[in-house]
Amino acid sequence: MSLEGQPWTDIPPAYWRSQVVWVSQDRPTLTGTPREFYMQLLNYRSHRQSGAHNEEQDLQQPSTRMEIAQEWNISAKTWDQPWNDISGGEAQRLSLAIALSLEPKVLLLDETTSSVR
């Protein structure tokens, strides 16, 4: 396995984590809200070093997580609802919107369309 022509063993783990993102088919078993989860991701060193967005920049980017979700009929208020209160399809679309907004080079999808309508 390689990324950008380099063997995975030669890539620093923080850079690997910023460039390879996995989206599960299962609903997230997280506490809190999708917005809190997104903000937590941005605080990880791997995303800070990779130049990933902060929330203010995210609102100005052409393909923000909010814009992606809005195109998929996810309302802005859903970002502040607890994960447990969000339907399976909405949770999956939110997870995918978050993953896409991080702009990874590799997006690993585990049956990501199984609950998307």
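Asn-73 is out in the open in this predicted model: its relative accessible area is 68%, so it counts as exposed. You'll find Asn-73 in the loop between helix 5 (65–71) and helix 6. The backbone there is worth a look too, since Asn-73 is not a glycine, and still its phi is positive, at about 60°.

Glu-103 does something along those lines: it is a residue other than glycine with a positive phi, near 55°. Its spot is the loop between helix 6 and strand 4 (106–109). Here are the two side by side.

| Residue | Phi | Loop |
|---|---|---|
| Asn-73 | about 60° | between helix 5 (65–71) and helix 6 |
| Glu-103 | near 55° | between helix 6 and strand 4 (106–109) |

Now for another loop residue, Ser-24. It sits between strand 3 (20–23) and helix 2. Is Ser-24 buried or exposed? With a relative accessibility of 18%, it counts as buried, because the cut-off for that is under 20%. And what does Ser-24 touch, leaving aside residues up to four places away in sequence? Its partners are Gln-92 and Asp-110.

On to the helix packing. Helix 2 (residues 34–43) packs with helix 6 (residues 88–101) at an angle of about 25°, and their axes are 11 Å apart. That angle makes helix 2 roughly parallel to helix 6, because angles under 35 degrees count that way. As for handedness, the helix 2 and helix 6 crossing is right-handed.

Which residues meet across this pair? From helix 2 come Pro-34, Phe-37, Tyr-38 and Leu-41, and from helix 6 come Leu-94, Ile-98 and Ser-101. Sorted by type, the residues of this contact come out as 6 nonpolar, 1 polar and no charged.

Some of those names turn up again in the largest nonpolar core, which has 15 residues. The members that touch the most others there are Tyr-38, Ala-69, Trp-79, Leu-94, Ala-97, Ile-98 and Leu-102. Helix 2, helix 5 and helix 6 each put in at least two residues, and helix 6 gives the most to the core, with 4 residues.

So where do the two pictures overlap? Tyr-38 of helix 2 and Leu-94 and Ile-98 of helix 6 are part of the contact between those helices, and they are also among the core residues that touch the most other members.

Note on methods. Residues numbered from 1 in each chain as written. Predicted model: local features only at pLDDT ≥ 70, side-chain atom pairs only at ≥ 80, totals over all residues. Heavy atoms only, no water. Axes fitted to C-alpha atoms, helices over the stretch in contact; angles between N-to-C directions. Parallel < 35°, antiparallel > 145°, perpendicular 65-115°, else oblique. Left-handed = near helix turned anticlockwise from the far one by under 90°. Contact = heavy atoms within 4.5 Å. Nonpolar A, V, L, I, M, F, W, Y, C, P; charged D, E, K, R; others polar. Buried < 20%, exposed > 50% of the residue type's maximum accessible area, 1.4 Å probe, protein only. Core = buried A, V, L, I, M, F, W, Y, C linked by side-chain atoms within 4.5 Å.
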